[in-house]
Structure formats: C-alpha cells, structure tokens
Amino acid sequence: MQRFDVIIIGAGAAGLMCAATAGYRGRNVLVLDHAKQAGKKILISGGGRCNFTNRNVEPNNYVCGNPHFVKSALARYSSQDFIELVERHGVDYHERDHGQLFCNDSAKDIVNILMTECDWAGAKVQLRTEILSVIKKEAGFELSTSDGDFSCESLVIATGGLSMPKLGATPFGYKIAEKFGLNVLPTSAGLVPFTWHSDDKQMFEPLSGIAVPSTITAKNGMQFSEALLFTHRGISGPAVLQISSYWQPGETIEINLLPNMDAEQALFQQREKHPKQSLRNTLSQWLPKRLVETLFNEALLDKALNQLIHAEVDQLVKDLHQWQLLMNGTEGYRTAEVTLGGVDTNELSSKTMESKNVAGLYFIGEVMDVSGWLGGFNFAWSWASGVACGRDC
Ligand code: FDA
C-alpha cells in the first residue's frame with residue numbers, strides 16, 4: 001500500500017489546481033484519473049482557446065442552492081490571481097466581450113501551466129487508473145485501484161459533473177458523496193441548447209444558422225441579452241445557454257427579438273414615412289426575412305402599414321418583444337457545458353471545501369452544486385475551490 005498525505009481523484013481543472021497548491025505546502029500529493037490525458041475538458045473549452053476566467057467574477061455569476069457559499073473561495077483566489085499565474089508562465093491571452101479571457105494560441109497552454117505547477121510542487125499525476133473502492137479508516141482513507149492500493153490522510157473528489165460523457169464524465173463523485181452520507185441535489189444539464197417540440201421543429205428547422213441579438217427571460221425573472229442562434233434541433237447561442245441554467249422543464253421562456261428598439265414606436269414612425277410599405281418589408285429591415293416569414297402569416301405580412309389595425313399592431317409588438325416559447329427540453333449532458341446540482345454545499349465548509357461530517361473528505365469543482373455562467377466563470381470556480389481546498393487538505 002502506497003501512502004500519500006493527499007489523494008485527489010480527477011485530473012481536471014479543479015483537481016490539478018488543488019494538487020499544485022497542496023504540493024507547495026509540502027504535502028505529498030497523488031492525483032488519480034481514469035482518463036488517458038489530464039484536463040480533457042480544458043483542452044476542448046472555449047473552442048480550443050479556453051475561456052480560462054473572467055475579469056469580473058462575482059458571486060451572482062453562479063447558480064447554487066446556497067448563493068453565499070461561493071463568496072469566501074472567490075474572494076481568496078480571484079480572477080486576477082489566475083491571470084497573474086497565466087502571465088508568470090508567459091502565456092499570451094486576449095479579452096473578448098463581457099470580460100472573457102481566452103488564450104491567444106491554444107487551451108493546451110492552460111493544461112501545460114497546471115501540469116508544470118504540479119511538477120514544480122512535487123504533486124504526482126497518475127492517469128489511466130480506475131478507482132475500484134474507497135474505504136474510510138480511523139485516520140484517513142484507503143483506495144483500491146486498477147493500479148494498486150493507496151492510502152491517504154485527505155481525500156479530494158474532483159471528478160466533475162455529468163456533462164460530455166464521451167470525455168470521461170462519470171457520476172463517481174456523487175456516488176462517493178452518497179456513500180459517506182452527504183446530500184446530493186438532483187442534477188440536470190446546464191449551459192445547454194434547447195430542443196423543439198416535434199410540431200415546432202418542422203416549422204423552425206429551416207431557420208437553422210440564423211443568429212439574432214435577443215434578450216431572453218426565464219420564468220424566475222433571470223434575463224440575458226446576447227445572441228440567439230437557430231439550430232436544426234432548436235435554439236442555442238450565448239443567451240440561450242445562459243438562460244438554460246435557470247429553466248425548469250415545462251416552463252416557457254420569453255424572447256425579445258428586438259432588444260435594442262421599441263417596435264411600436266418604430267412601426268408608427270415607419271407608417272408616417274412609408275404608409276404603403278408592406279409589413280414584410282418593414283420587419284425585414286429589422287430581422288432576417290426568413291425569420292419574419294416564419295413568425296407571421298402571409299396575409300398579415302402583405303398588408304401595408306396603413307392597413308394595420310390596432311389589435312394587429314398590439315399583437316405584433318407582443319410577438320416581437322415578448323415571444324413566448326415552450327421548448328421541448330434540452331440537448332442534455334451530451335452537449336451541456338455544465339451540470340446543475342450535485343454535492344449539496346450545505347454539507348461542506350465554504351472556506352476549505354471539506355465535508356462538515358466526514359473529516360478529511362473534500363469536494364471541489366463542478367461535482368459540487370455550483371455552476372457558473374458562460375464566460376469563464378466555471379473555470380474561475382475550479383481554480384478558486386481547488387486553491388481553497390489545496391490550502392487545507
Ligand atoms: P473536470 O470535468 O474538468 O475534470 C474531472 C476529471 O475527473 C476528468 O479528468 C475525468 O476524467 C475525471 N474523472 C471522472 N470520473 C472519474 C472516475 N470515475 N475515476 C477517475 N477519474 C474520473 N468553463 C469555462 O469556465 N470556460 C470555458 O471556456 C468552458 N468551455 C467548456 C466547453 C465544453 C465543451 C464543456 C463541456 C465545458 C466547458 N466549460 C468551460 C466548463 C468547464 O470545463 C468545467 O466547469 C470544468 O472543467 C470543471 O472542472 P472540474 O475539475 O470540476 O471537472
């Protein structure tokens with residue numbers, strides 16, 4: 001049996017960050033992962049350029065059963081701390097809209113930073129290792145794996161959520177939590193495209209590829225103003241992905257297709273200037289023609305602006321600014337960027353991520369009930385929770 005101070009299961013963003021932090025404290029650290037490669041999700045993130053953090057990380061950028069939980073870790077390891085790490089390693093990056101930071105070259109740079117840090121900190125990373133069992137002993141834990149038996153004082157679970165099973169996602173972390181009596185909140189896919197009901201699919205499928213600015217509002221009042229993209233299966237794009245984390249099955253979402261104008265006022269002004277212009281031509285100046293022709297019936301679109309009656313204008317304005325959509329569901333874990341729900345944060349210390357009831361057992365990263373918005377917030381949580389734990393475990 002090989003003995004370590006700390007064993008971390010999961011060589012992803014949170015696990016590697018935690019390993020380096022604990023290693024620098026002089027802890028003897030082993031990271032175990034069943035994958036062939038460390039940080040697989042980092043490698044594919046941000047379209048291969050990894051949106052590694054955001055300039056403005058705030059607690060309200062997170063979905064969590066206990067909204068205060070994230071505050072301590074985020075305050076003690078800020079996005080600026082990670083930016084400084086990236087700069088120390090000489091990795092060039094750039095800023096996109098809303099403070100999102102991406103590597104100039106490749107997401108590999110982020111994995112290299114983490115692996116180098118682990119190396120410098122003396123933390124060992126062992127891949128291709130299946131965890132067969134985990135047993136609690138009086139002083140620590142014993143693990144049986146496909147590559148031998150190990151024991152440790154502190155056990156850190158950093159196995160992520162359920163999104164993208166083909167990248168190696170498993171429910172391992174939830175099972176361990178349940179085994180040790182921790183509450184696990186129901187999980188679902190987050191930051192994920194919506195799918196059409198079969199009737200709507202036929203009507204909207206031809207719009208696939210069209211993108212428009214939008215403001216989307218969920219039933220609970222959360223609202224995001226960003227692009228909406230029509231796809232073969234449904235709708236996607238940043239605004240849709242963001243709102244999906246606040247959506248419950250069976251709820252409608254409200255879409256403002258003209259978020260930057262007042263449609264009623266614009267219609268009146270247009271009628272003053274061009275009373276004989278058809279509604280079709282008017283709307284097609286503001287929205288893609290294919291979308292206009294799908295949303296409104298031909299007879300209405302053929303009307304001249306001065307032929308429209310009040311009720312028609314009212315309905316039109318409502319449809320443009322408050323389009324109510326009942327989606328069938330989401331594309332699920334197959335394409336979701338994150339998993340909502342997970343290990344209940346009420347079971348964990350917000351300072352160290354240690355279980356309140358099982359000494360030496362820690363949960364970090366996405367396996368917990370903490371999900372960030374699109375824009376680098378999920379990695380920001382992986383870094384912050386990994387460091388919080390690494391300073392204690
Ligand atoms: P992560 O999933 O990274 O790591 C878990 C590790 O545990 C994996 O290495 C896995 O192999 C291992 N593991 C799982 N089960 C195991 C078992 N049974 N035994 C042993 N090992 C096991 N976020 C962001 O901030 N910016 C971005 O640009 C993106 N982009 C993005 C794109 C795509 C396509 C996805 C799917 C996700 C993103 N994300 C993102 C989200 C981000 O990738 C995610 O939140 C973090 O990777 C979570 O880090 P963790 O370390 O918690 O889990």
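Two strands count as paired here if DSSP finds at least two bridges between them. With that in hand, welcome to a quick tour of this predicted model. Strands E5 (residues 93-96) and E6 (residues 100-103) are joined by four bridges and run antiparallel. From that hairpin the tour moves to the sheets, then to the helix packing, and ends at the ligand.

**The E5-E6 hairpin and its sheet**

- Within the hairpin, histidine 94 has phenylalanine 102 of E6 standing opposite, and glutamate 95 faces leucine 101 of E6.
- Three residues lie between the strands of the E5 and E6 hairpin, where histidine 98 adopts a positive phi near 55 degrees.
- The hairpin belongs to an open sheet of three strands, ordered E3-E6-E5 and paired antiparallel.
- Strand E3 (51-54) and E5 hold the edge positions with a single partner strand each, so each has one side without a neighbour in the sheet.
- On average, neighbouring strands of this sheet are turned by 30 degrees against each other, direction ignored.
- Helix H4 (residues 79-88) lies across E3, E5 and E6, and its run makes about 140 degrees with E3.

**The seven-stranded sheet**

- Another open sheet has seven strands in the order E17-E16-E13-E14-E15-E12-E18, with antiparallel pairing.
- Its edges are strand E17 (323-326) and strand E18 (329-330); each has a single partner strand, so one side of each lacks a neighbour in the sheet.
- Inside this order, strand E14 (residues 223-230) and strand E15 (residues 234-236) run antiparallel and are joined by two bridges.
- Phenylalanine 230 is placed opposite isoleucine 235 in E15.

**Parallel partners of E1**

- Strand E1 (residues 2-9) pairs in the parallel sense with strand E10 (residues 148-157), over seven bridges.
- Arginine 3 finds its bridge partner in serine 151 of E10.
- E1 also pairs in the parallel sense with strand E2 (residues 29-32), here over four bridges.
- For valine 6, the bridge partner in E2 is valine 29.
- A handy reminder when viewing these strands: in a regular strand, side chains alternate between the two faces of the sheet.

**H1 and its helix neighbours**

- Two packed helices are described by the angle between their axes and the distance between those axes.
- H1 packs on H14 at an angle of about 35 degrees, with the axes 7 Å apart, and passes H14 in a right-handed crossing.
- On the H1 side, that contact is made by Ala13, Ala14, Gly15, Met17, Cys18, Thr21 and Ala22; on the H14 side, by Phe379, Ser382, Trp383, Ser385, Gly386, Val387, Cys389 and Gly390.
- The residues of the H1 and H14 contact comprise nine nonpolar, six polar and no charged.
- H1 also packs on helix H5 (residues 108-121), at an angle of about 25 degrees and with the axes 8 Å apart.
- Because angles under 35 degrees count as roughly parallel, H1 is roughly parallel to H5.
- The crossing of H1 past H5 is left-handed.
- H1 brings Leu16, Met17, Ala19, Ala20, Gly23 and Tyr24 to this contact, and H5 brings Leu114, Glu117, Cys118 and Ala121.
- By class, the residues of the contact of H1 with H5 are eight nonpolar, one polar and one charged.

**H9 against H13**

- Helix H9 (residues 263-273) and helix H13 (residues 310-321) pack with their axes 9 Å apart and at an angle of about 130 degrees, which means that H9 is oblique to H13.
- H9 passes H13 in a right-handed crossing.
- Ala263, Glu264 and Leu267 of H9 meet Val313, Val317, Leu320 and His321 of H13 in this contact.
- The residues of the contact of H9 with H13 divide into five nonpolar, one polar and one charged.

**Around the ligand**

- There are 36 residues around the ligand, and Gly10, Gly12, Ser45, Gly160 and Gly365 come nearest.
- Helix H1 (13-24), helix H2 (40-44) and helix H14 (377-390) are the elements that give two or more residues to the shell around the ligand.
- The most comes from H14, which gives four residues to the shell around the ligand.
- Sorted by class, the shell around the ligand has 16 polar, 15 nonpolar and five charged residues.

How values were computed: Residues are numbered from 1 along each chain as its sequence is written. This is a predicted model: local features need pLDDT of at least 70, side-chain atom pairs count only at pLDDT 80 or more; totals for chains, interfaces and linings use all residues. A residue is near a molecule or strand if its C-beta atom, placed from the backbone, lies within 6 Å of it. Ala, Val, Leu, Ile, Met, Phe, Trp, Tyr, Cys and Pro count as nonpolar, Asp, Glu, Lys and Arg as charged, and the others, Gly among them, as polar. Axes are lines fitted to C-alpha atoms, for helices over the stretch in contact, and angles run from 0 to 180 degrees between N-to-C directions. A crossing is left-handed if the near helix is turned anticlockwise from the far one by less than a right angle, and right-handed if clockwise. Two residues are in contact if their C-beta atoms, placed from the backbone, lie within 7 Å. Angles under 35 degrees count as roughly parallel, over 145 as roughly antiparallel, 65 to 115 as roughly perpendicular and the rest as oblique.
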